[in-house]
Amino acid sequence: MKKINKANFKKTLSTFATGITVVATKNNSILYGKTINSFSSLSLSPPLVLFSLDKKSTKLKIFKESKTISINILSNKQEMISNNFAKKNPNWKEVDYDVLKNGNPIIKNCVSNLDCIIENKLTKGDHIIFICKVIKVLNNNKLKPLIYYNSKYQ
């Protein structure tokens with residue numbers, strides 16, 4: 001076994017296949033979104049999920065101020081959407097979406113969309129963990145998820 005350092009730890013974590021999501025919110029009538037693969041289920045009862053953001057993220061302040069978010073689980077046909085929201089200034093004009101009553105955008109043609117209330121924020125290491133209660137879901141069982149493995153889309 002190798003002694004752990006940031007580079008080999010990151011490479012090791014890349015061997016765990018993850019789905020890709022876009023977490024989105026609305027703040028002062030402006031839509032925000034960020035590609036996230038640090039998404040996980042947390043509890044079935046109550047329905048809770050979590051995701052995390054690096055403390056250095058340019059979107060951290062926006063999400064910390066938000067009370068509600070949408071989590072959009074991307075399909076294998078939405079790699080361009082993932083790349084768009086991985087940028088510092090993503091272009092919403094390139095995305096087909098609807099807006100929920102609470103103002104949050106949901107991206108169309110995803111595997112699933114979750115409408116969530118942020119219940120808690122925890123600081124651990126170099127990230128902030130957002131714990132969210134899921135209040136509504138939309139699923140499309142005909143689609144397959146976008147998978148990220150070994151630092152590449154699969």
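Here are some worked exercises on the predicted model shown above.

**Exercise 1. Work out which aromatic pairs Trp92 takes part in, and how buried the rings are.**

Step 1. Start with the overall tally: searching the whole structure turns up 5 aromatic pairs.

Step 2. Take the pair of Phe85 and Trp92. Their centres are 4.8 Å apart and the planes make an angle of 65°. Edge-to-face needs an angle over 60 degrees, and this pair is indeed classed as edge-to-face.

Step 3. Now go to the other partner, Tyr97. Trp92 and Tyr97 are edge-to-face too, with 5.0 Å centre to centre and 70° between the planes.

Step 4. Check the burial. Phe85 and Trp92 are both buried. Trp92 gets that label because its relative accessibility is 12%, and the cut-off for buried is under 20%. Tyr97 comes out at 28%, so it counts as partly exposed.

**Exercise 2. Find which residues touch the most other members of the largest nonpolar core, and which elements supply the core.**

Step 1. The largest nonpolar core has 18 residues, and the ones touching the most other members are Phe51, Ile69, Ile71, Cys116, Phe130 and Cys132.

Step 2. Trace the core back to secondary structure. At least two residues each come from β5 (48-54), α2 (60-65), β6 (68-73), β9 (112-124) and β10 (127-139). Strand β10 gives the largest share, 4 residues.

Step 3. Zoom in on Phe51. Skipping residues up to four places away in sequence, its contacts include Ile69, Ile71, Phe130 and Cys132, along with Val23 and Ile36. Phe51 also belongs to an aromatic cluster with Phe63 and Phe130.

Step 4. Don't stop at one core: there's a second, separate one of 12 residues, and among its members are Ile20, Phe85, Ile107 and Cys110.

**Exercise 3. Describe where Ile128 sits and what it touches.**

Step 1. Ile128 is part of strand β10.

Step 2. Its relative accessible area is just 5%, so Ile128 is buried.

Step 3. Ignore neighbours within four places in sequence and list the contacts: Phe51, Ser52, Leu53, Lys55, Leu60, Lys121, Leu122 and Thr123.

Step 4. For a distance across the chain, use Lys64: this residue is 64 residues from Ile128 in sequence, and their C-alpha atoms are 8.9 Å apart.

**Exercise 4. Pick out the backbone oddities at Pro46, Asn109 and Asn150.**

Step 1. Look at omega. Ser45 and Pro46 are joined by a cis peptide bond, with omega about 5°. Pro46 lies in the loop between β4 (39-43) and β5.

Step 2. Look at phi. Asn109 isn't a glycine, yet its phi is positive, about 65°. Asn109 is in the loop between β8 (105-107) and β9, and its relative accessible area of 52% makes it exposed.

Step 3. Asn150, also a residue other than glycine, has a positive phi near 55°. Asn150 falls in the loop between β11 (147-149) and β12 (152-153). At 33% relative accessible area, Asn150 is partly exposed.

**Exercise 5. Which residues make the nonpolar surface patch of about 320 Å²?**

Step 1. The patch is made by Ile4, Phe9 and Leu13.

Step 2. Place Ile4: it's in the segment before α1 (6-13).

Step 3. Check its exposure. Ile4 has a relative accessible area of 59%, so it is exposed.

Note on methods. Residues are numbered from 1 along each chain as its sequence is written. This is a predicted model: local features need pLDDT of at least 70, side-chain atom pairs count only at pLDDT 80 or more; totals for chains, interfaces and linings use all residues. Side-chain values use heavy atoms; hydrogens and water are left out. Patches are made of residues with over 30% relative accessible area and no salt bridge: like charges are joined within 9 Å, nonpolar side chains (Val, Leu, Ile, Met, Phe, Trp, Tyr) within 5 Å. Accessible areas come from the Shrake-Rupley method with a 1.4 Å probe; for residues, only the protein chains shown count as cover. A salt bridge is a side-chain nitrogen of Lys or Arg within 4 Å of a carboxyl oxygen of Asp or Glu. Buried means under 20% relative accessible area, exposed over 50%, partly exposed in between (1.4 Å probe, protein chains only). Rings of Phe, Tyr and Trp (its six-membered ring) pair if their centres lie within 6.5 Å; planes under 30 degrees apart count as stacked, over 60 as edge-to-face and the rest as tilted. A nonpolar core is a set of buried Ala, Val, Leu, Ile, Met, Phe, Trp, Tyr and Cys residues joined through side-chain atoms within 4.5 Å. Contact means heavy atoms within 4.5 Å.
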